[in-house]
Amino acid sequence: MSIIPLMQDDPQEEAIYILNDGHPKSNVRGLYVAGVDSYDQDKSDTSSSLGAMVVLTKEHSIPNYPQMTPVCLIRTRPKRKEKFYEMCGMVSVAYNLLENTLIDFGKNLIIEWYKQNGLERYLAKRPKKFESENSTQSHDYGVQMHGPAKPAMIGLLQTFYYDYAQNIWFRDMIDEALKYNTQDKESDQDTVDALGIALLQMYSDGMSYHDSSKMLKEK
């Protein structure tokens with residue numbers, strides 16, 4: 001997959017933001033996690049909510065590459081929801097997010113879109129460590145933001161902002177974090193929720209990653 005700049009005349013609602021130093025590393029698996037706060041309806045005049053996807057790097061030992069940093073951001077609501085789903089799918093492929101694209105199950109049409117378009121292997125499984133012991137959840141992919149998951153997400157966000165706020169280079173993520181209200185059941189700060197979901201996946205998946213280029217070099 002090649003990444004090309006968005007031109008001035010291209011639809012700006014189809015922009016995917018990538019940190020200059022955060023382009024995908026080839027031959028690396030498990031270095032990135034992603035959180036997706038999606039939606040199930042086409043663009044609406046009655047809702048200001050956008051769709052958001054945040055790709056986050058783990059801690060690692062790769063020289064001169066950002067760690068614990070959001071390196072890619074989608075924050076938009078195109079006219080058709082399928083375009084947003086397609087953008088997320090392209091990011092999952094570009095960053096090799098195998099089993100590491102965690103999606104809010106409350107808006108789960110995007111999960112079906114991934115399955116129908118041959119991208120099921122990129123979906124993160126349900127993070128069971130953030131469920132209650134008597135949970136009756138039975139879905140395979142995505143996270144339901146109720147029960148222990150939501151307070152766990154807020155706790156992870158607070159720690160991340162305290163330790164790594166200086167690593168956030170996307171202004172929209174900073175602005176929305178400053179407006180985020182932990183008491184809101186549904187918020188319009190979609191990048192905050194997407195980052196929180198990515199953190200849930202990070203601490204569910206663990207910090208390990210596999211760098212095949214390093215292994216080949218050693219051989």
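Helices (H or I, at least four residues) and strands (E, at least two) are DSSP runs, numbered from the N terminus. The exercises below use these labels for a predicted model.

**Exercise 1. Which helix gives the largest share of the lining of the largest pocket, and how is that lining made up by class?**

Step 1. Start with the pocket itself: the largest one has a volume of about 560 Å³.

Step 2. Find its centre. The lining counts 21 residues, and Ile3, Ile4, Leu6, Ile16 and Ile18 are the closest to the centre.

Step 3. Assign the lining to elements. Helix H1 (residues 81-94) supplies the largest share, with 5 residues.

Step 4. Sort the lining by class: 15 residues are nonpolar, 3 are polar and 3 are charged.

**Exercise 2. Give the secondary structure content of the chain and the strand order of the open sheet of 5 strands.**

Step 1. Count the elements: the chain has 6 helices and 7 strands.

Step 2. Read them along the sequence. The pattern is β-β-β-β-β-α-β-α-α-α-α-β-α.

Step 3. Place the strands side by side. The open sheet has the order S1-S5-S4-S3-S6, and its pairing is mixed.

Step 4. Identify the edges. Strand S1 (17-18) and S6 are the edge strands, each of which pairs on one side only.

**Exercise 3. Work across the sheet from S1 to S6 and state the sense of each pairing.**

A general point comes first: strands of a sheet pair through backbone hydrogen bonds, in either the parallel or the antiparallel sense.

Step 1. S1 and S5 are antiparallel, with 2 bridges. In this pairing Ile18 faces Cys72 of S5 as its opposite residue. Ile18 is also among the residues closest to the centre of the largest pocket.

Step 2. Strand S5 (residues 70-76) is joined to S4 by 6 bridges, and the two run antiparallel. Two opposite positions can be used to check the register: Leu56 stands opposite Pro70 in S5, and Ala52 stands opposite Arg75 in S5.

Step 3. Strand S3 (residues 32-37) pairs with S4 over 6 bridges, again in the antiparallel sense. Here Asp37 stands opposite Ala52 in S4, while Tyr32 stands opposite Thr57 in S4.

Step 4. S3 and strand S6 (residues 101-103) run parallel and are joined by 3 bridges. Ala34 has Thr101 of S6 opposite.

**Exercise 4. Are the residues of strand S4 buried or exposed, and what does this say about the surroundings of the strand?**

Step 1. Set the cut-off: a residue is buried if its relative accessible area is under 20%.

Step 2. Apply this to strand S4 (residues 51-57). Of its 7 residues, 7 are buried, so the strand is largely enclosed by the rest of the structure.

Step 3. Separate the two faces. In a regular strand the side chains alternate between the two faces of the sheet. In S4, Gly51, Met53, Val55 and Thr57 lie on one side and Ala52, Val54 and Leu56 on the other, and all are buried.

Step 4. Turn to the neighbours. S3 is mostly covered, with 6 of its 6 residues buried. Both of its faces are covered: Tyr32, Ala34 and Val36 are buried on one side, and Val33, Gly35 and Asp37 on the other. S5 is mostly covered as well, with 6 of its 7 residues buried.

Step 5. Set this against the chain, in which 47% of the 219 residues count as buried.

**Exercise 5. What is the span of helix H5, and how many of its residues are buried?**

Step 1. Take the length: helix H5 (residues 190-205) has 16 residues.

Step 2. Compare the spans. From first C-alpha to last, H5 reaches 22 Å, close to the 22 Å expected at 1.5 Å a residue.

Step 3. Count the buried residues. They number 13 of the 16, so H5 is largely enclosed by the rest of the structure.

**Exercise 6. Why is there no bond between the sulfur of Cys72 and the closest cysteine sulfur?**

Step 1. State the total: the structure holds 0 disulfides.

Step 2. Set the cut-off: the two sulfur atoms of a disulfide are within 2.5 Å.

Step 3. Compare the distance. The closest cysteine sulfur to that of Cys72 is in Cys88, 9.3 Å away, which is too far for a bond.

Step 4. Add the accessibility of each residue. Cys72 is buried, with a relative accessible area of 2%. Cys88 is also buried, and its relative accessible area is 0%.

Methods:
Residues are numbered from 1 along each chain as its sequence is written. This is a predicted model: local features need pLDDT of at least 70, side-chain atom pairs count only at pLDDT 80 or more; totals for chains, interfaces and linings use all residues. Side-chain values use heavy atoms; hydrogens and water are left out. On a 1 Å grid over the protein atoms alone, a cavity is a set of points where a 1.4 Å probe fits but cannot get out, and a pocket is an open set with protein on both sides within 12 Å along at least five of seven lines; lining residues have an atom within 4 Å of a point. Grid points are joined across faces, edges and corners, and a volume is the space filled by probe spheres set on the points. Ala, Val, Leu, Ile, Met, Phe, Trp, Tyr, Cys and Pro count as nonpolar, Asp, Glu, Lys and Arg as charged, and the others, Gly among them, as polar. Buried means under 20% relative accessible area, exposed over 50%, partly exposed in between (1.4 Å probe, protein chains only). Two strands pair if DSSP finds at least two bridges between them. The expected span of a helix is 1.5 Å times one less than its number of residues.
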